[in-house]
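Student: Hey, got a minute to walk me through this one? I'd like to start with the ligand and then look at the sheets.
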Amino acid sequence: MFKKILIANRGEIALRVIRTCKEMGIKTVAVYSSADADSLHVRFADEAVKIGPPSSLESYLSIPKIMAAVEITNADAIHPGYGFLSENADFAEVTEEYGVKFIGPSAKMIRQMGDKITAKETMIKAKVPVIPGSDGLLKDVKSGIALAKEIGYPVILKATAGGGGKGMRVVWSDDEFEEQWDSARQEAKASFTNDGIYMEKFIEEPRHIEFQIIGDQFGKVVHLSERDCSIQRRHQKLVEECPSPFMTKKLRKEMGEAAIKAGEAINYEGVGTVEFLVDKHKNFYFMEMNTRIQVEHPVTEEVIDHDLIKEQIKVAAGEPLSGKNYIPTLHAIECRINAEDPFNDFRPNPGNISSFHSPKGHGVRVDTHVYAGYTVPPYYDSMIAKLICKAQTREECILKMRRALDEFIVEGIKTTIPFHKALMRDEKFLAGKFDTSFLDTFELKDPNAEA
Ligand code: MV4
């Protein structure tokens, strides 16, 4: 087992990893920018190394600075968390060459899934269902229009280097093809310095359902059931739950098998997530694979009663998996609490937290790095806490979440708590009737608004 893990991240996930390391008897090293000196991840790690100014590029995204921290602290493994360098194949490669274990898949696996066309080709070979579309990159407008005719409008143009909706355009007819093509290419080039575009049939009003998988170093891959992440706004997830209200025994079996095939196709090592789009007829299609631990992993931890970070560290250290899939018997929901104003287009609202009280009680979990007196810096992601509730049924889970949200006090900054309170009383949400377009029409009433 590892002796000392350096956590190349900040915020709640850095703290989350430190907690598990402590329980496993592993020493921890935090790295931090000058904006994070007061963060709990710095306080609770065994050692902390300041790696630069607030700018992510000069701190949490700087490979040389993180490797220097590894060197001076003698860490034997790196946990990348999510975001930042967690899916950076060059970083995984550098750590491997340096002889420290990157807690995650190999650089090759990250590259294979990072390029969306390569990922899709890999899944076709593995017989995982994919969305009908172009055979690799589109060459030009003319061949694009010809293919769109064949597939049938609407179609969607996607950047091969993309993910998260950047460089993505829906096209409804021949007339607008060229315009959308140009704008997708421009955005892809600006965002990823790669303007490669491919085409798919556009699936209308799909659900986003993802499967948690874990693979060991001996080729064994299991799935840990699904998470429904359809409640999103501009490609930012706000609520995740397990099981999906849309799931059936049969669909879970089919999607779970497909997720395992996806992992086995690349000999996947570590925790990963296979994202699917599911249409209203319960047809499902591979969308992408995330090669990191995700923000919403606690939802799965609560329903299967296992520490996923511990499992992740164990497989990274070469321990074999016992090899069984997990079927959820409980229900869990996560609400992301962001320092944003839900009444003002979710505008970031960093600043000093004057008072902070976490909900407590049975079935209530709060993962956070903040506390009363803490100042949320403006430089990073606006998520300040995750509130996770679990109960026997979805109905009980929602009732518990309402109670927990009522107990959650954050003063000094605006947060997404009022949004979650309203969502937990929305009829469509309560009925489980939602897809990825749900928030396009969801209206949050401001109690302080003038009539
Ligand atoms: C799609 C789609 C419909 N049809 N692909 C959004 C981000 C990227 N991961 C892929 N995305 C989508 N791809 C086809 N062929 C709809 C979306 C999409 C979406 C997917 C999941 C969750 C929320 C979404 C919101 C808008 C669009």
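What follows is a chat about the ligand's surroundings and then the sheets.

Tutor: Sure. Keep in mind that this is a predicted model.

Student: Okay, which residues come nearest to the ligand?

Tutor: There are 16 residues around the ligand, and the nearest of them are K158, E200, K201, I203 and E288.

Student: What does K158 do there, in terms of distance to a nitrogen atom of the ligand?

Tutor: A polar atom in the K158 side chain sits 2.9 Å from a ligand nitrogen. K201 and I203 come in with backbone atoms instead: a backbone N or O of K201 is 2.7 Å from a nitrogen of the ligand, and for I203 the distance from a backbone N or O to a ligand nitrogen is 2.8 Å.

Student: How much of the ligand's accessible area does the protein cover?

Tutor: On its own the ligand has 530 Å² of accessible area, and the protein covers 88% of that.

Student: And which elements give two or more residues to the shell?

Tutor: Strand 6, strand 8 and strand 13, which spans 284-290. By type, the shell residues split into seven nonpolar, five polar and four charged.

Student: Let's switch to the sheets. What is the strand order in the open sheet of three strands?

Tutor: The order is 7-6-8, and the pairing is antiparallel. Strand 7 (169-171) and strand 8 (197-201) have a single partner strand each, so one side of each has no neighbour in the sheet. On average, neighbouring strands in this sheet are turned by 30° against each other, ignoring direction.

Student: How many bridges hold strand 6 and strand 7 in their pairing?

Tutor: Three bridges, with strand 6 covering residues 155-159. For L157, the bridge partner in strand 7 is R169.

Student: Which strands does helix 8 lie across?

Tutor: Helix 8 (residues 177-192) lies across strands 6, 7 and 8, at about 170° to strand 7. Helix 6, residues 116-125, lies across strand 6 and strand 8, and runs at about 50° to strand 8.

Student: Now the open sheet of five strands: is its pairing parallel or antiparallel?

Tutor: Parallel, in the order 3-2-1-4-5. At the edges are strand 3 (47-52) and strand 5 (101-102), each pairing on one side only.

Student: What about strand 4 and strand 5, how many bridges there?

Tutor: Two, between strand 5 and strand 4, which is residues 77-79. A77 is opposite K101 of strand 5.

Student: Last one: where does helix 1 lie?

Tutor: Helix 1 (residues 11-24) lies across strand 1 (4-7), strand 2 (27-33) and strand 4, and it runs at about 170° to strand 1.

Note on methods
Residues are numbered from 1 along each chain as its sequence is written. This is a predicted model: local features need pLDDT of at least 70, side-chain atom pairs count only at pLDDT 80 or more; totals for chains, interfaces and linings use all residues. Side-chain values use heavy atoms; hydrogens and water are left out. Two strands pair if DSSP finds at least two bridges between them. Helices (H or I, at least four residues) and strands (E, at least two) are DSSP runs, numbered from the N terminus. Axes are lines fitted to C-alpha atoms, for helices over the stretch in contact, and angles run from 0 to 180 degrees between N-to-C directions. Contact means heavy atoms within 4.5 Å. A residue is near a molecule or strand if one of its heavy atoms lies within 4 Å of it. A polar contact is a pair of N or O atoms within 3.5 Å; within protein, one must be able to donate a hydrogen and the other to accept it, and residues adjacent in sequence count only if both atoms are side-chain atoms. Accessible areas come from the Shrake-Rupley method with a 1.4 Å probe; for residues, only the protein chains shown count as cover. Ala, Val, Leu, Ile, Met, Phe, Trp, Tyr, Cys and Pro count as nonpolar, Asp, Glu, Lys and Arg as charged, and the others, Gly among them, as polar.
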